[in-house]
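Reader: I am in my first year and would like to study one part of this protein slowly rather than skim all of it. Could you take me through a single region with care?

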Amino acid sequence: MSTKCKSCKREVPDNATFCPWCGQKQVRERKKDGVIKVPEPKQLPSGSWHIYLAAEKRSITETTKDRCIAKAKAVRAGFVEQQKKLPALTWSKAIDAYIADRSESLSPETVRGYRVIQRNRFHNIMQKPMSAQVNWQAEINAALSSLSDKSVKNAWGLMTVIMRVNEIPVPRVLFPVPEKNEREFLDPQQIIAFCEAAKGDTCEMAMLLGLHSLRMSEIRALRFPDSFDMKKSSIFVSGAVVRDEHNKEVFKQRNKTRQSARTVPIMIPRLRELLEAQSKDGYVVTQANSTINRHIRTIAEQQGLPNITEHCLRHSFASLGYHLRLSEIEVMSMGGWSDSSTVHDIYLHLAQRDRLKAENKMAKFYRTAEKLPVGKILKGKNEC
């Protein structure tokens, strides 16, 4: 773009301070109020142009200088406009409003998790107004110094939801590269050993139900005789018992996912024995979750098994499915998984373990062959 020199009337570049023809200093127009200002873009080694907007914690990179400036102004314009619209709410009050607006759709357990985050995470900003500037990366770094990555990510997930609901741009933040954690579960032989060791334990019913793929919340919701069809040897999984924001156990009609409500066959004979001996109507498992997990860990330790919990017994159901050659889809359907990642990870881990065994067998063959005379090996081949 260009303008005309006030003196010689010739074309002058728009950003020129002096006329290149007559040398006359150019008088620039006074900038109007409300003009969006952005930093001068810098050209990267790649040839692209880059602007960093400190207030918005946003990096803008475009192929041309003009496009970079235009996008930066658009981002800043939206940000400035949003700052004017922000309600005079603190972050804590915004969480209250979010929960109140969705009181009928949020699970009691989900609300409890939100309240834990509200009380115990990001102390420095919870009582600040949402219009105040926050260095979220610094807040996350501080939280990571004392909490697990998962706890901080869960807290950040809630804060991003609150931002989107209130139409606040979500800044880009960095988390450490997650470590690959192997899922703990029992293989078929270990399952048999565990079941034998669990006989007579006060939490045996819960353990066997876990090996039938049930989650702890689903186990706690089972009632006798309503949740069972002894003639068809079936378990009706419907509803869950969870803790609400006041840490009280409540029954919720809906399960974790749509696939969670299901009918599971009674497969372990010992579980059928325990159910047939049931003399009282009502919940079949009344022990606290911590008690059940403590008993499971004790048995596992005594039997030299992996350090497992009730949820690991659910994963063991998928492990057994792999060894019985069931497809991932069949196991997902029986176990009420809606996300294939859990079952797939278990199947992949076991497939890799089986492959290692196969490789060891092949290596053993060659080590054995080296010790045999060539004639004997050929003779064995001819006999085949």
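In which helix does Asn141 lie, and what can be said about the helix that comes after it?

Author: Please keep in mind from the start that this is a predicted model. Asn141 lies in helix α5, and because its relative accessibility is 42%, a value between the 20% limit for buried and the 50% limit for exposed, Asn141 counts as partly exposed. If you follow the chain from Asn141 to Val152, you pass along eleven residues in sequence, and the two C-alpha atoms are 9.3 Å apart in space.

Val152 brings us to helix α6, which covers residues 149-165. This helix has 17 residues, and the distance from its first C-alpha to its last is 24 Å, close to the 24 Å expected at 1.5 Å a residue. After α6 comes Glu167, a residue with a positive phi, near 55°.

Now look at which side chains of α6 are covered: Val152, Ala155, Trp156, Leu158, Met159, Thr160, Ile162 and Met163 are buried. When you read such a list, it helps to remember that an α-helix has 3.6 residues a turn, so residues three or four places apart point the same way. The buried residues of α6 pack against four helices, namely α2 (91-101), α3 (108-120), α4 (123-126) and α5 (136-144), and α5 is the helix that holds Asn141.

Of these partners, α2 deserves a closer look. Two packed helices are described by the angle between their axes and the distance between the axes. The axes of α2 and α6 come within 10 Å and cross at roughly 80°, and because angles from 65 to 115 degrees count as roughly perpendicular, that is how α2 and α6 are placed to each other. On the α2 side the meeting residues are Trp91, Ala94, Ile95 and Tyr98, while α6 brings Leu158, Met159, Val161, Ile162, Met163 and Val165. Sorted by class, this contact of α2 with α6 has ten nonpolar residues, with no polar and no charged ones.

Finally, it is worth setting this region beside the rest of the model. The largest nonpolar core has 36 residues, of which Phe194, Leu209, Ile235 and Leu271 touch the most other members. Helix α8 (204-210) is one of the elements that each supply at least two residues of this core, and α8 gives the most, with five residues. Apart from that core lies another, of 27 residues, and among them are Val152, Ala155, Met163 and Ile168. Three residues just named, Val152, Ala155 and Met163, are also among the buried residues of α6.

Technical notes. Residues numbered from 1 in each chain as written. Predicted model: local features only at pLDDT ≥ 70, side-chain atom pairs only at ≥ 80, totals over all residues. Heavy atoms only, no water. Core = buried A, V, L, I, M, F, W, Y, C linked by side-chain atoms within 4.5 Å. Buried < 20%, exposed > 50% of the residue type's maximum accessible area, 1.4 Å probe, protein only. Expected span 1.5 Å × (residues − 1). Contact = heavy atoms within 4.5 Å. Axes fitted to C-alpha atoms, helices over the stretch in contact; angles between N-to-C directions. Parallel < 35°, antiparallel > 145°, perpendicular 65-115°, else oblique. Nonpolar A, V, L, I, M, F, W, Y, C, P; charged D, E, K, R; others polar.
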